[in-house]
Amino acid sequence: MKTAVWYTSTFLVIFIYLYCYLVQFIRGAEIRPQLHLHQPLLRNRLGGAQPSSHMASLPPVIVGAPSHHLGWPSAGSSAGNQHPSLQRHLPPLPPPPPASVFSDYLTPGNMAVSSSISVSSSVSSAPVHPSVTAAPLTPATPKPLDFGYHNYDNMTAWLKHFSASNPDLTALYSIGKSVQGRELWVMVVSSSPFQHMKGKPDVKYVANIHGNEAVSREMALHLIEHLVKNYREDAYIRWLLDQTRIHILPSLNPDGFEVAREGTCTGGQGRYNARGFDLNRNFPDYFKQNTKRVQPETEAYKEWIAKIQFTLSAGLHAGALVASYPFDNTPNSVYQAFASTPSQTPDDDVFHHLATLYARNHATMYQGVACKPGSPSFPNGTTNGAAWYPLTGGAQDYSYVWTGTMEITVEMACCKYPPASELPVHWSEHRQALIRFVGEAHRGVRGFVTDGNGRPLENVAMKIKGRDAPFQTTKHGEYWRILLPGYYRIEAYKEGYEPVEDDFSVTDHHATQVNLTLFKQVDSKNGFGTLDDVSNYYSLSASDEQPNKRHPSISNKQDVPHPTGLSGLLITLRSQMDNLFANLFG
Ligand SMILES: [Zn+2]
């Protein structure tokens, strides 16, 4: 009898769950505005406090300490106003990356020298040094990129050849290797390809994280070629490359691509890496514990974005036609999947703008037409990630929460691996969107933070008042933040310095420059400087001496208990349904 009851209960749970998913599937991604749903959680997660108009009243907090207070000094005790359960669930935020640039490795002089790459599958804090391609020193006229698919060997040959032929506008480097030893190439396209331009933003496109979403890989290659070829004739592209460094990673999953098949529009063959892991479920997650073993591709990616402060980013996928934006995940457990509820960031207005801008600059995405009957349709061609379907361990949430990069996900085509004959159409539809999107890195506020002697201050905790998503300055004291037109207040805090805040306005299509100076706090007891003051005078900071030795080992910090309240059965079901959705879409 007991067994019968158990089977009946289990059947009912499964039935209800599947039914709810089916309802969501049919409904598609209906977005219901729910402003700042998770703001308190993010504030706690990032060590934030309630916005204060009086910075001086904030108690000092050790910014550099290995604690939860990386972001903003919290009001009150170090525990702040965090709910105990939240404290237990929230992983510590690693320090943000310095504005490390590949000038440390990548100079014209060592262009022909290929340094070694060390990426292991295990979690390691050892720095990964991007290698420089052994490009030939005698440039030749590059052949135009054909509208076909390029396997790893062909892609590598083209990238090397193209970069060698255009050394003034491109630089090729690898961030590491795939499981099967394929290089994870990145092409920088910029009028300063070898060196970061101080004060100017770095932007990235990352394609083909799912190996069978092959159209994204070819779009990335065509973008490289188009930017370079039109630098001299196209005034906008020239401005873009003069003001921006665009890092394009055409394939984060080259092993998966090799086993995917042209003409396959759906399904999972080639989606995963060579060990069967979905790389876009392999990152530390803001909301939930991610127990997946970290893969070499993921590790290389994390090391990369820890070294370079990217202002703006897009992950390029396929399987749908939509621009999706954070959060991809939600704190609301399994029930979120039933409701199609957005999981909004404090920068929701900015993300919505970025996704809309992409969709509007695409030929048809903005129309929001469903890929086929029964598929979801997306009003205006955009969706909040979690409103579509929540996922754990995605790259875009990681980029935003851990590195302060504004990242969206572009699903480029209904068919993941369309016939090559369709590539010219896809390229013509995406070209303008891909180019215009990069320009958004020049919207908002930017500047330098220095001390009283004009020296750049690294790791200054910055925040736009009312947006509890702190970010930090680079080793050059730079910062960038994309904002829509309006009036804002920026706040800066660093241990041992008097906090500073400043008002500014942002206009359309024009970045506002706000430079800030932080002065040392004076010890009120003896009138002398603090200990930090002394150490600053007598030793160089470690980051100056070893700019690339400082890497957050994020995956080590996933000591977060799994959310309770879900039965193992539901969790398993949820996971399987996520996979189903992932295979159906991007
Ligand atoms: Zn995908």
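The following questions and replies concern the reasons behind some descriptions of this predicted model.

Me: What makes Glu411 count as buried or exposed?
Reply: The relative accessibility of Glu411 is 3%. Buried means under 20%, so Glu411 counts as buried. Glu411 lies in strand 9, residues 406-413. An unreviewed UniProt entry places the feature "active site" at Glu411, and such annotations may be inferred rather than shown by experiment.

Me: Which backbone atom does the side chain of Glu411 reach?
Reply: The side chain reaches the backbone nitrogen of Ala318, at 3.3 Å. The limit for a polar contact is within 3.5 Å.

Me: Why is the pair Ser399 and Glu407 called a polar contact?
Reply: The side chains of Ser399 and Glu407 are joined at 2.8 Å, and a polar contact needs a pair of N or O atoms within 3.5 Å. Ser399 belongs to helix 12, residues 395-403. With a relative accessible area of 0%, Ser399 is buried.

Me: How do you know whether Ser421 is buried or exposed?
Reply: Ser421 has 63% relative accessibility. Exposed means over 50%, so Ser421 counts as exposed. Ser421 sits in the loop between strand 9 and helix 13. Its C-alpha atom is separated by 10.0 Å from that of Tyr149, although the two residues are 272 apart along the chain.

Me: Why is strand 4 described as largely enclosed?
Reply: Strand 4 covers residues 202-207, and 6 of its 6 residues are buried, so the rest of the structure largely encloses it. In a regular strand the side chains alternate between the two faces of the sheet. On one side of strand 4, Asp202, Lys204 and Val206 are buried; on the other, Val203, Tyr205 and Ala207 are buried too. Both faces are therefore covered.

Me: What makes strand 4 a partner of strand 5 and of strand 6?
Reply: Pairing requires at least two bridges. Strand 4 and strand 5 (residues 245-249) have 5 bridges, in the parallel sense. Strand 4 and strand 6 (residues 310-317) are joined by 6 bridges and also run parallel. Val203 stands opposite Ile246 of strand 5, while Lys204 has Ser313 of strand 6 as its bridge partner.

Me: Why are strand 12 and strand 15 called edge strands?
Reply: The order of the open sheet is 12-11-14-15, with antiparallel pairing. Strand 12 (471-472) and strand 15 (500-506) each pair on one side only. For strand 15 the partner is strand 14 (residues 486-493), over 7 antiparallel bridges. In that pairing Tyr488 stands opposite Phe504 of strand 15.

Me: What makes helix 5 oblique to helix 13?
Reply: Helix 5 (residues 214-229) and helix 13 (residues 423-439) pack at about 60°, with axes 10 Å apart. Roughly parallel would need an angle under 35 degrees, and roughly perpendicular begins at 65. The angle falls in neither class, so helix 5 is oblique to helix 13. The crossing is right-handed.

Me: Why is helix 6 also called oblique to helix 13?
Reply: The axes of helix 6 (residues 235-243) and helix 13 come within 10 Å and cross at roughly 45°. Set against the limits of 35 and 65 degrees, that makes the two helices oblique to each other. Helix 6 passes helix 13 in a left-handed crossing, whereas the crossing of helix 5 with helix 13 is right-handed.

Conventions: Residues numbered from 1 in each chain as written. Predicted model: local features only at pLDDT ≥ 70, side-chain atom pairs only at ≥ 80, totals over all residues. Heavy atoms only, no water. Helix = DSSP H or I, 4+ residues; strand = E, 2+ residues; numbered from the N terminus. Buried < 20%, exposed > 50% of the residue type's maximum accessible area, 1.4 Å probe, protein only. Polar contact = N/O pair within 3.5 Å; in protein donor to acceptor, adjacent residues only side chain to side chain. Axes fitted to C-alpha atoms, helices over the stretch in contact; angles between N-to-C directions. Left-handed = near helix turned anticlockwise from the far one by under 90°. Parallel < 35°, antiparallel > 145°, perpendicular 65-115°, else oblique.
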